[in-house]
Amino acid sequence: MRTFFFLLFVQSYCLELICQTTPFELIYGADTSSNEVGVASIQMRGGEIFMLGNILSDTTNAYDVLLVKMDAAGQPLWAKSFDNGDSEFANHFIFQSGKFIIVGESNQIGGFDKNGFVLQVDEAGNELDFSLFGSPLKGEQYQNVVATDAGYLITGFATGETNADNDVLVRHETGLLLNSWERTYGSEINEVGMGAGQLANGNFIISGDKQVEDEKYNPFVLVLDANGDVLHETVLKSEFNGGCKNLLVSESGDTYVVGEMATPSSVAFDVYLAKVSPAAEVLWTKWIASSDGPDAGFDICQVNSGSFFITGFGYNEASESTDIAAISIDEEGNEIDRSWFGGDGLDLAYDVKPAQGGGFILTGKTYRGADVQAIVIHDFLEIATVGNEEKWEIEKLEIAPNPLAKSGVVCLPEGWESGVWRLVSGGGKIVRQGVVSNCQIEIPAANLPGGTYFLNLEKQGRQAVGKLVVP
């Protein structure tokens, strides 16, 4: 196990009373010769955030599992890696019974033998257990893990009996031998498990990709009982090529499947979304269009009973590059708001979670030149309303002009008269503050270094935050 302390931290701040609601962007990178990828994050009850990822070993030139702990404002506390002999790629994790359950794939260095693995780590970053699951000279991979009523459920895929196809692989772990099982589901064509969840009735639902023609795939779902027997199987049929990345069992009991799909007008993918009943009946499917370039959804989370966040990547026409996309939708898949994040290269988020106090936390990777680095982002989007009432108190603030003009005058939306404003630097220091007058504030820029700041507004329990660039 190695411990890392080289971190590049950008665009973050923390006010004493609202440190769980402030935007930040953390980029983790050891040096320009190393590669790091973030795959998922978990925010604990105390506000601290754990990022799971992978890092290229500086001794074996293979990948190790990476775990980074940061505080609620994105300030790194420690980072550790776990080397279990081969090249291990973490794909997902949960926190259960005081420990992290991490799943992924282990690739034999210098040979062909791929196994699924389960790594258990405590909150202090101490390795508790590491187990491999698989058959010699075949390929097994664990893609996802979710907590269940008794234990946890893992899904992924395994090489079929002919070694020419993949089958869905599902493992249910309870800690009790009689109630734990591992099953594969498939045929003579390729099937791959990607997402997993537990329904309100105790059944399990699995999403994945199924080969429907020689060069075309469609998403599909399996509903399993507590013993792993198939109750329902449904292909989300489309004349176009596509697939799924993950699923979410919503508060209503229905399941949202997210992924990518070619469109009637282009072979380039758009974000694909489907809503499925507990009996695997397709309620609707749709595209969330963006550009003529490639777009894909990798994860989805629920904000309230009628609002969801999706992340992945897309072609950002403003930057003319592939960036991380954060998309807010309502329960019918209609887009409410969207933001882009990233640099000049390819940027991608694999995971999205609701942040404590409002907004979202994204985890993924960013290309800075030839180097790949992990990225964790906390920010805000407008969300769908339920009963004409916003469920998050923290609002996304629109600021004009932005960047700040020479006059220093900033115009704010209506409703903020007599509210308190604070301008906070990237290092967390309040550099200017005052009271809103006539929906305007004046920020004298003298002796204020250029860069990105955050403007926070408070009024009678209402809060808003937005970025402000000072030239």
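## Strand pairing, core and pocket

Gly-38 is placed across from Gly-53 of strand S5. The model is predicted. The strand that spans residues 36-43, S4, is mostly covered, with 8 of its 8 residues buried. S4 also recurs in the two sections on the nonpolar core and the largest pocket.

**The S4-S5 hairpin**

- Strand S5 covers residues 49-56, and its pairing with S4 is antiparallel over 7 bridges.
- S4 and S5 make a hairpin, and 5 residues lie between the two strands.
- Gly-47 sits in the turn of this hairpin and has a positive phi of about 100°.

**The open sheet**

- Four strands form an open sheet in the order S16-S17-S18-S19, and the pairing is antiparallel.
- Its edges are strand S16 (191-198) and strand S19 (230-235), each of which pairs on one side only.
- On average, neighbouring strands of this sheet are turned by 25° against each other, direction ignored.
- Within the sheet, strand S17 (residues 204-213) and strand S18 (residues 216-224) run antiparallel and are joined by 9 bridges.
- Opposite Ser-207 stands Val-221, a residue of S18.

**The largest nonpolar core**

- The largest nonpolar core contains 19 residues.
- Val-65, Leu-67, Phe-93, Phe-100 and Ile-102 have the most contacts inside this core.
- At least two residues of the core come from each of S4, S5, strand S6 (63-70), strand S7 (76-82), strand S8 (87-96), strand S9 (99-107) and strand S10 (114-122).
- The element that gives the most is S4, with 4 residues.
- Nonpolar side chains in soluble globular proteins tend to be buried together.
- Leaving aside residues up to four places away in sequence, Val-65 touches, among others, Leu-52, Phe-82, Ala-90, Ile-102, Phe-117 and Leu-119.
- The contacts of Val-65 also include Gly-53, the residue that stands opposite Gly-38.
- Asn-54, Lys-80, Ser-81 and Glu-88 are touched by Val-65 as well.

**The largest pocket**

- The largest pocket holds about 730 Å³ of space.
- It is lined by 28 residues, and those closest to its centre are His-92, Leu-248, Cys-301, Lys-353 and Pro-354.
- Two or more lining residues come from each of S4, S8, strand S12 (140-148), S16, strand S20 (242-249), strand S24 (296-304) and strand S28 (347-354).
- S16, named here as a contributor to the lining, is also an edge strand of the open sheet.
- S4 and S8 contribute to this lining, and each also supplies at least two residues of the largest nonpolar core.

Note on methods:
Residues are numbered from 1 along each chain as its sequence is written. This is a predicted model: local features need pLDDT of at least 70, side-chain atom pairs count only at pLDDT 80 or more; totals for chains, interfaces and linings use all residues. Side-chain values use heavy atoms; hydrogens and water are left out. Buried means under 20% relative accessible area, exposed over 50%, partly exposed in between (1.4 Å probe, protein chains only). Two strands pair if DSSP finds at least two bridges between them. Axes are lines fitted to C-alpha atoms, for helices over the stretch in contact, and angles run from 0 to 180 degrees between N-to-C directions. A nonpolar core is a set of buried Ala, Val, Leu, Ile, Met, Phe, Trp, Tyr and Cys residues joined through side-chain atoms within 4.5 Å. Contact means heavy atoms within 4.5 Å. On a 1 Å grid over the protein atoms alone, a cavity is a set of points where a 1.4 Å probe fits but cannot get out, and a pocket is an open set with protein on both sides within 12 Å along at least five of seven lines; lining residues have an atom within 4 Å of a point. Grid points are joined across faces, edges and corners, and a volume is the space filled by probe spheres set on the points.
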